[in-house]
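Welcome! Have the sequence and the 3D view open while you read, and follow each residue as it comes up.

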Amino acid sequence: MWRATIDGPLMPAAAALAVFTAGILYFRYAVPSPFPKGMGQSWSQFKLADWAHPFAVALVLMVAAGLRPRRGNLSGKWFDGAVMTFFAVGMISAAWIGVARTRPFMDYYSGVKNMDRFYLEFRNTVLAACPSDATIYLALGGEHHKFRQMAMVYLYDRAVASDWTDDGYIYPRLLEKRRKQELAAGSCVVEPMGDNSWLKQSTPIGPFRIGIFDGRGLVKITSVTGAHDRESDGKNWWHWVERKASFMLQPEFVAGNMTKTHLRFEYATRGKQNLTLRVAQRDGTIKENIIPSDGGASVTFEAILDTPPADLAEMSIETDGAASPLGGGDPRMAAWTVRNVSIDPVSP
C-alpha cells in the first residue's frame with residue numbers, strides 16, 4: 001500500500017486527500033469564528049466536504065482501480081462488480097439528495113430556469129425603473145433575505161438600504177446607522193409580489209416588483225393566528241380556518257388626518273354559518289359586525305369603516321359553525337376560508 005501510494009496509482013488520490021485535509025484543518029483552527037463562542041468556521045468545513053464529494057468519488061475509483069487484484073479472473077470480476085455497484089448507488093443517492101436540496105430554491109423563484117440571466121434582468125429592470133439619484137430600498141425581509149443578499153451583489157454600484165436585523169451574515173458587519181434603515185418617500189422599492197404592498201404602480205420581474213414609493217401609507221398585516229398556514233396560487237392567497245382567525249395590524253406612514261379605512265376580503269363557508277367581524281383599536285375599542293353566509297361560492301366583503309387607520313391594532317373573524325376535515329387526504333379541520341385581505345387608508 002505504501003509503495004502504491006508513493007510511486008504508484010494512489011499518488012493522485014493521496015495528494016488530493018492531503019489538500020482536503022489541509023482545508024478542513026485550516027477552517028477548523030486558522031480562521032476566526034464569526035460567533036462570540038467557539039473556534040473556526042464549521043459552516044466552511046461543511047461546504048468544503050459538500051462540494052468536494054464529486055471529486056472525492058473520482059479519487060475513490062482511482063484508489064479502487066489501484067487495489068484491483070492483479071490475478072484471478074473470478075476475484076477481479078467480483079471486485080469490478082462491487083466497485084460499479086458502489087459507484088451507481090453513490091451517483092443515484094447524490095442526484096436524489098441534490099434535487100431535494102435545490103427544490104425549495106427552484107420553488108421560490110417560480111419557474112425561473114436561468115438564474116444568471118434572471119439576476120441580470122433584475123439589475124436592468126431596477127436601473128430602468130429607479131432614478132439614478134434614488135436610494136433602492138430592499139423590502140425583502142423574512143423568507144426573502146437570501147434574495148436580498150443576491151440583490152446587493154448585483155446592485156453593487158447603487159445606494160441600497162434595508163432593515164438587516166434578520167440577516168445573521170450582513171447585520172453584524174454593518175455600521176450601526178446602516179443596520180436598520182427606514183423606508184422614505186421617493187425611494188425605489190424592491191418587494192415581493194403579494195399583499196402589504198408599498199407600491200401603487202410597479203414593474204414586475206419574476207416574483208418581485210419594483211417602483212417608486214410615493215409616501216402614501218398602508219396598514220400591514222404583521223401576523224395571522226388561529227388559522228392554518230397561508231396558501232397561494234401566485235395571484236390569490238388564503239387561509240383555511242377552523243374557528244377564528246386573528247390578523248395583527250401595523251399602520252405605516254398613515255397621516256393623522258385620515259379618519260376612515262377601506263376593508264376588503266373574500267370568504268367562503270362550508271355550510272350555513274354566521275361570521276363575526278371584530279376590529280380592535282389601540283385604545284381597546286372594538287367594533288363588531290355580523291356577516292351571514294349560506295355557504296357555497298366565495299363572497300366578497302367590502303366596507304368603509306369609520307375607524308382611523310392609524311388606530312388599528314387587530315382584526316378578527318370568527319364563525320359559529322362547526323369545522324370538519326377538508327378531505328381528499330387532507331386531515332386539517334376547517335369551517336371556512338378567508339382570502340385576499342386588504343386594509344387601506346382612505347384619503348380625506
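Helices (H or I, at least four residues) and strands (E, at least two) are DSSP runs, numbered from the N terminus. With that in hand, you can place Phe-253 in the loop between strand S8 (237–252) and strand S9 (260–269).

Before going further, two notes on the model. This is a predicted model, in which local features need pLDDT of at least 70 and side-chain atom pairs count only at pLDDT 80 or more, while totals for chains, interfaces and linings use all residues. Residues are numbered from 1 along each chain as its sequence is written, and side-chain values use heavy atoms, leaving out hydrogens and water.

**The whole chain**

The protein chain has 7 helices and 16 strands. Of its 348 residues, 34% are buried. Here, buried means under 20% relative accessible area, exposed means over 50%, and partly exposed lies in between (1.4 Å probe, protein chains only). The accessible surface comes to about 20,700 Å², and carbon and sulfur atoms account for 60% of this area; such areas come from the Shrake-Rupley method with a 1.4 Å probe, and for residues only the protein chains shown count as cover. A contact means heavy atoms within 4.5 Å. Among contacts in the chain between residues at least 6 apart in sequence, 64% join residues at least 24 apart.

**Helix H5**

How far apart are the end C-alpha atoms of helix H5 (residues 115–129)? They are 21 Å apart, which agrees with the 21 Å that its 15 residues should span at 1.5 Å a residue. The expected span is 1.5 Å times one less than the number of residues.

The buried residues of H5 are Met-115, Phe-118, Tyr-119, Phe-122, Arg-123, Thr-125 and Val-126. They cover an arc of only 165° around the axis, so they sit on the same side of H5. That arc is taken from the directions from the helix axis to the C-beta atoms. An α-helix has 3.6 residues a turn, so residues three or four places apart point the same way. Arg-117 and Ala-128, on the other side of H5, are exposed.

At the N-terminal end, Asn-114 caps H5, with a side-chain oxygen 3.3 Å from the backbone nitrogen of Asp-116.

**Strands side by side**

Strands of a sheet pair through backbone hydrogen bonds, either parallel or antiparallel. In this report, two strands pair if DSSP finds at least two bridges between them. One open sheet of 5 strands has the order S2-S1-S3-S5-S4, with mixed pairing. Its edge strands are S2 (160–161) and S4 (203–205), each of which pairs on one side only. Strand S1 (residues 136–138) pairs with S2 in the parallel sense over 2 bridges, and Ile-136 stands opposite Val-160 in S2.

Elsewhere, strand S10 (residues 273–281) runs antiparallel to S11, and 8 bridges join the two. Ala-280 has Ile-286 in S11 as its bridge partner. This hairpin has 4 residues between the strands, and there Gly-284 takes a positive phi near 95°.

**Ser-293 and its surroundings**

Is Ser-293 buried or exposed? It counts as buried, because its relative accessibility is 8%. Ser-293 is found in strand S11 (residues 286–293). Its side chain makes a polar contact with the side chain of Thr-269 at 2.7 Å. A polar contact is a pair of N or O atoms within 3.5 Å; within protein, one must be able to donate a hydrogen and the other to accept it, and residues adjacent in sequence count only if both atoms are side-chain atoms. The side chain of Ser-293 also reaches the backbone nitrogen of Gly-295 at 3.2 Å.

Thr-269 appears again with Gly-321: their C-alpha atoms are separated by 8.5 Å, although the two residues are 52 apart along the chain. Gly-321 sits in the loop between strand S13 (312–319) and strand S14 (324–327). Leaving aside neighbours within four places in sequence, Gly-321 is in contact with Arg-243, Gln-273 and Ala-335.

**Positive phi angles**

Most residues other than glycine have a negative phi, and most peptide bonds are trans. What is the phi of Phe-253? Phe-253 has a positive phi of about 55° although it is not a glycine, and phi of Asn-340 is near 50°, also positive in a residue other than glycine. Asn-340 lies in strand S16 (residues 336–346).

Here is the exposure of some residues from this report:

| Residue | Relative accessibility | Class |
|---|---|---|
| Phe-253 | 40% | partly exposed |
| Asn-340 | 13% | buried |
| Gly-321 | 16% | buried |
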